[in-house]
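Me: I have a structure open on my screen and would like to learn how to read its helix packing and its pockets. Could you walk me through it?

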Amino acid sequence: DEQLDLDDGRWEDIHVVTGALKLFLRELPEPLVPFSHFDKFIAAIKIQDPSLRGRCIRDLVLSLPPAHHDTMKVLFRHLCRVVEHKEENRMSVQSVAIVFGPTLLRPASEESNMAMHMVFQNQVVEHILNHYGYIF
């Protein structure tokens with residue numbers, strides 16, 4: 001219910017805006033990639049054949065509930081634009097994936113495999129960024 005004045009000087013620091021976005025996404029009751037899809041995305045990113053992996057991830061994205069799919073499309077379009085300016089902002093595909101992977105894609109319960117999951121979470125985000133045009 002709070003009305004924010006985006007012209008307020010406190011919003012000029014991009015880290016504040018990015019932190020707010022990450023916090024918002026992290027606190028969603030269901031992540032952008034629903035819990036029901038987590039294991040499917042992890043299994044898909046492990047597929048050795050690149051074309052089969054790409055089709056599988058595309059199909060999984062297409063199978064997301066409409067609100068998740070549409071939000072993901074807009075968010076990843078924006079993140080692709082961020083990566084286009086990596087020379088100025090130092091945010092490569094890998095950097096963006098490290099920052100957003102665990103926020104967008106997380107298991108329903110934190111397990112002992114958290115470190116191993118993080119690698120695959122980042123790879124999924126990296127793959128979607130690298131193949132945005134094909135996936136969406």
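Reply: Happy to! Let's start with a pair of helices: the axes of helix H2 (residues 35-45) and helix H3 (residues 50-62) come within 9 Å and cross at roughly 165°. Keep in mind that this is a predicted model.

Me: What two values describe a pair of packed helices?

Reply: Two packed helices are described by the angle between their axes and the distance between the axes.

Me: And what does the angle tell me about how H2 and H3 run relative to each other?

Reply: Angles over 145 degrees count as roughly antiparallel, and therefore H2 and H3 are roughly antiparallel to each other. The crossing in which H2 passes H3 is left-handed.

Me: Which residues make the contact between H2 and H3?

Reply: H2 brings His37, Lys40, Phe41, Ala44 and Ile45, while H3 brings Arg53, Cys56, Ile57, Leu60 and Val61. Sorted by class, the contact of H2 with H3 has seven nonpolar, one polar and two charged residues.

Me: Now I'd like to try another pair. At what angle do the axes of H2 and helix H7 cross?

Reply: Here the axes of H2 and helix H7 (residues 114-130) cross at roughly 75°, and they come within 9 Å. Angles from 65 to 115 degrees count as roughly perpendicular, so H2 and H7 are roughly perpendicular to each other. On the H2 side, the contact is made by Phe38, Phe41, Ile42 and Ile45. On the H7 side, you can look for His117, Phe120, Gln121, Gln123, Val124, His127 and Ile128. Seven nonpolar, four polar and no charged residues make up the contact of H2 with H7.

Me: How do H6 and H7 pack, and at what angle?

Reply: H6 and H7 pack at about 120°, and their axes are 7 Å apart. That makes H6 oblique to H7. The H6 and H7 crossing is right-handed. Residues of H6 in the contact include Val93, Val96, Ala97 and Phe100, and those of H7 include Met118, Gln121, Val125 and Leu129. By class, the contact of H6 with H7 divides into 10 nonpolar, five polar and one charged.

Me: Let's move on to pockets. How much space lies in the largest pocket, and how many residues line it?

Reply: A good way to read a pocket is to ask about its volume, then its lining. The largest pocket holds about 430 Å³ of space, and 15 residues line this pocket. To find its centre on your screen, look for Ile14, His15, Thr18, Val82 and Met91, which lie nearest to it.

Me: Which helices give two or more residues to that lining?

Reply: They are helix H1 (14-26), helix H4 (66-84), helix H5 (86-89) and helix H6 (93-104). H1 gives the largest share of the lining of the largest pocket, five residues. By class, the lining of the largest pocket has nine nonpolar, four polar and two charged residues.

Me: What is the volume of the second largest pocket, and which residues line it?

Reply: The second largest pocket has a volume of about 150 Å³. Its lining is formed by Trp11, Val17, Ala20, Leu21, Phe24, Leu25, Thr71, Val74 and Leu75. H1 and H4 each supply at least two residues of this lining, and the largest share, five residues, comes from H1.

Me: And how does the lining of the second largest pocket divide by class?

Reply: The lining of the second largest pocket has eight nonpolar, one polar and no charged residues.

Note on methods: Residues numbered from 1 in each chain as written. Predicted model: local features only at pLDDT ≥ 70, side-chain atom pairs only at ≥ 80, totals over all residues. Heavy atoms only, no water. Axes fitted to C-alpha atoms, helices over the stretch in contact; angles between N-to-C directions. Helix = DSSP H or I, 4+ residues; strand = E, 2+ residues; numbered from the N terminus. Parallel < 35°, antiparallel > 145°, perpendicular 65-115°, else oblique. Left-handed = near helix turned anticlockwise from the far one by under 90°. Contact = heavy atoms within 4.5 Å. Nonpolar A, V, L, I, M, F, W, Y, C, P; charged D, E, K, R; others polar. 1 Å grid on protein atoms, 1.4 Å probe; cavity = no way out; pocket = protein on both sides within 12 Å on 5 of 7 lines; lining within 4 Å. Points joined across faces, edges and corners; volume = space filled by probe spheres on them.
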